[in-house]
Each structure stands twice: as C-alpha cells, then as structure tokens.
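This report looks at charged side chains and strand pairing in one protein chain. Please keep the sequence and the structure at hand while reading.

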Amino acid sequence: MKFKERLLQGTLIKRYKRFFVDIKYQNKTIISHCPNSGSMLGLVKPGNPVWFSESKDPKRKLKYTLQIVSVDGKLVGINTHLTNKIVLEALKEKKILSLNKFKEIKSEVKFTNHTRFDFLISNGNHKCFLEVKNVTLVRKNNIAEFPDAITSRGTKHLNELINAKKKGYESYMLYIIQREKCKSFKIAKDIDQKYKNTFDLALKNGVNVLCYDCKISDEEIKINNQIKLL
C-alpha cells in the first residue's frame with residue numbers, strides 16, 4: 001500500500017488526548033492527528049523521529065496525520081486506518097498463502113446486528129469471516145504482542161468469530177504487525193488476561209490465527225513474512 005503523498009519527517013514532542021501529537025517540523029511545532037486509539041506503548045517517547053502526511057482537504061480540522069514512528073532505529077506504522085488497506089492489497093495479490101483459496105472479497109460485512117467483520121472472503125459456498133488487528137507492541141526479543149491496552153472490543157470479536165465458526169463459516173483472526181523483523185507473536189496476557197482467555201477459547205473452537213509482519217518505508221507499507229505464534 002503506497003502512501004498517496006510524500007511523507008514529511010519531524011520529531012515527536014508529545015502525544016495527548018489520545019488522538020493528538022505535537023511534532024517539531026522545520027523549527028516549528030505542528031499539531032497532527034494520531035490515528036491510533038491504543039496506548040501506543042513504547043512508541044511515543046519524546047524525540048523519536050516520525051513521518052507524517054499532509055492533507056490538501058480544506059475541510060479537515062487537522063491537515064497533518066501521523067503515519068510512522070521510529071523506535072530504536074526501527075520503523076513502526078501506527079495508522080490503524082491503513083491496516084485493512086494493507087490486508088486488502090495482500091488478499092488481491094495472493095500474499096497470504098492460507099487464504100489464497102478464496103476468490104471473492106467483501107469488506108465490512110455484517111454478521112449480526114451488533115457485529116461487522118473486516119472481511120468476508122469466499123469461494124462459491126465456502127465462506128470465511130476474517131477479522132484484522134493492528135499490532136505495534138514489541139517489548140523484548142523482537143516478540144510482537146497484542147493488545148497494548150485492555151480491549152473489550154477485541155474480546156467481542158473473538159467471541160463472534162467463535163459464533164461464526166459454530167454457524168458453519170470458516171473463521172480467521174489476522175494480526176498485522178506494522179513492524180519489521182519480528183521473530184514471533186504472542187498475546188500480552190499481562191495487559192489483558194480476559195482477551196488471552198478468549199483467544200485460547202477461540203483456538204479450541206477452531207478459529208484460525210495468522211500473524212504477518214510488514215515491510216515499511218516512507219513510501220509504502222506492505223505485508224512481508226508470516227510470523228509464528230507462541
């Protein structure tokens with residue numbers, strides 16, 4: 001997924017009110033939208049290099065959007081709004097081996113009155129619901145972790161994938177790690193034990209789990225390698 005415009009580079013000053021960051025750019029302080037509702041644990045240290053986009057839309061309240069943070073020299077994509085675009089491109093280009101059997105792709109598909117899944121992928125009568133989660137957390141040994149904060153919404157999606165499996169659908173949870181060179185992936189049970197318990201229940205009920213890292217530059221973000229689940 002290529003960025004539509006050339007990204008600008010600055011230095012992180014601070015994040016606040018969850019969706020705002022101050023960035024030092026060309027000796028000025030600018031306010032940028034932060035498109036990530038998570039805690040961004042380990043990412044928002046003042047002084048970290050950042051890359052951000054500039055919108056030409058005059059109706060936008062904030063014309064800048066934070067896209068990438070550099071942590072210890074490694075690039076991390078923080079824009080959760082891009083995650084499904086990265087996955088859609090990968091599905092179309094057959095980059096996810098386990099899902100290549102599915103020919104048709106639909107986005108944001110209703111499952112119940114209270115739940116939509118990110119994708120419904122199918123091949124004739126063979127249908128599969130696919131939910132996607134964005135991962136940015138790495139605390140040690142290049143092990144990616146999810147979640148970075150308590151997520152009742154994430155737990156709900158796991159339960160609904162279990163329900164979809166019971167109703168005859170194939171069910172997949174796909175964790176997209178917007179970082180490079182991660183060795184493996186695990187659930188951060190110390191952050192959200194309930195999510196970990198529901199994740200284990202989902203595995204026992206036949207929900208499939210896939211983990212992929214990404215190749216990141218200031219020009220594009222794309223799915224890279226499948227990562228093993230711990």
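Lys74 counts as partly exposed in this predicted model, because its relative accessibility of 35% lies between the limits of 20% for buried and 50% for exposed residues. Lys74 is found in strand β6, which covers residues 74-77, and together with Lys181, Lys183 and Lys215 this lysine forms a positive surface patch.

Other charged residues take part in salt bridges, of which a search of the whole structure finds nine. Three of these pairs are set out below, each with the separation of its closest N and O atoms.

| Salt bridge | Closest N and O atoms |
|---|---|
| Lys2 and Glu220 | 3.4 Å |
| Glu54 and Lys56 | 3.9 Å |
| Arg139 and Glu145 | 2.7 Å |

The salt bridge between Lys2 and Glu220 links distant parts of the chain, since Lys2 belongs to the segment before β1 (8-16), whereas Glu220 lies in the loop between β14 (208-216) and β15 (221-226), and the two residues are 218 residues apart. Lys2 has a relative accessible area of 58% and is therefore exposed. This pair also belongs to a network of salt bridges in which Lys2, Glu220 and Lys222 are linked.

In the pair formed by Glu54 and Lys56, Glu54 is partly exposed, with a relative accessible area of 22%, while Lys56 counts as exposed at 69% relative accessibility. For the pair of Arg139 and Glu145, is the glutamate, Glu145, buried or exposed? Glu145 counts as buried because its relative accessibility is 5%, which is under the 20% limit, whereas its partner Arg139 counts as partly exposed at 38%.

Turning to strand pairing, the model contains an open sheet of four strands with mixed pairing, arranged in the order β10-β11-β13-β16. Strands β10 (137-138) and β16 (228-229) stand at the edges, and because each has a single partner strand, one side of each is left without a neighbour in the sheet. Strand β13, which comprises residues 184-187, runs parallel to β16 and is joined to it by two bridges. Which residue in β16 is the bridge partner of Phe185? The partner of Phe185 there is Leu229.

Definitions and conventions:
Residues numbered from 1 in each chain as written. Predicted model: local features only at pLDDT ≥ 70, side-chain atom pairs only at ≥ 80, totals over all residues. Heavy atoms only, no water. Patch = residues over 30% accessible without salt bridge, like charges linked within 9 Å, V, L, I, M, F, W, Y side chains within 5 Å. Areas by Shrake-Rupley, 256 points an atom, 1.4 Å probe, with all protein chains shown as cover. Salt bridge = Lys/Arg side-chain N within 4 Å of Asp/Glu carboxyl O. Lys, Arg positive; Asp, Glu negative; His and termini not counted. Charge placed at Lys NZ, Arg CZ, Asp CG, Glu CD. Buried < 20%, exposed > 50% of the residue type's maximum accessible area, 1.4 Å probe, protein only. Pairing = 2+ DSSP bridges.
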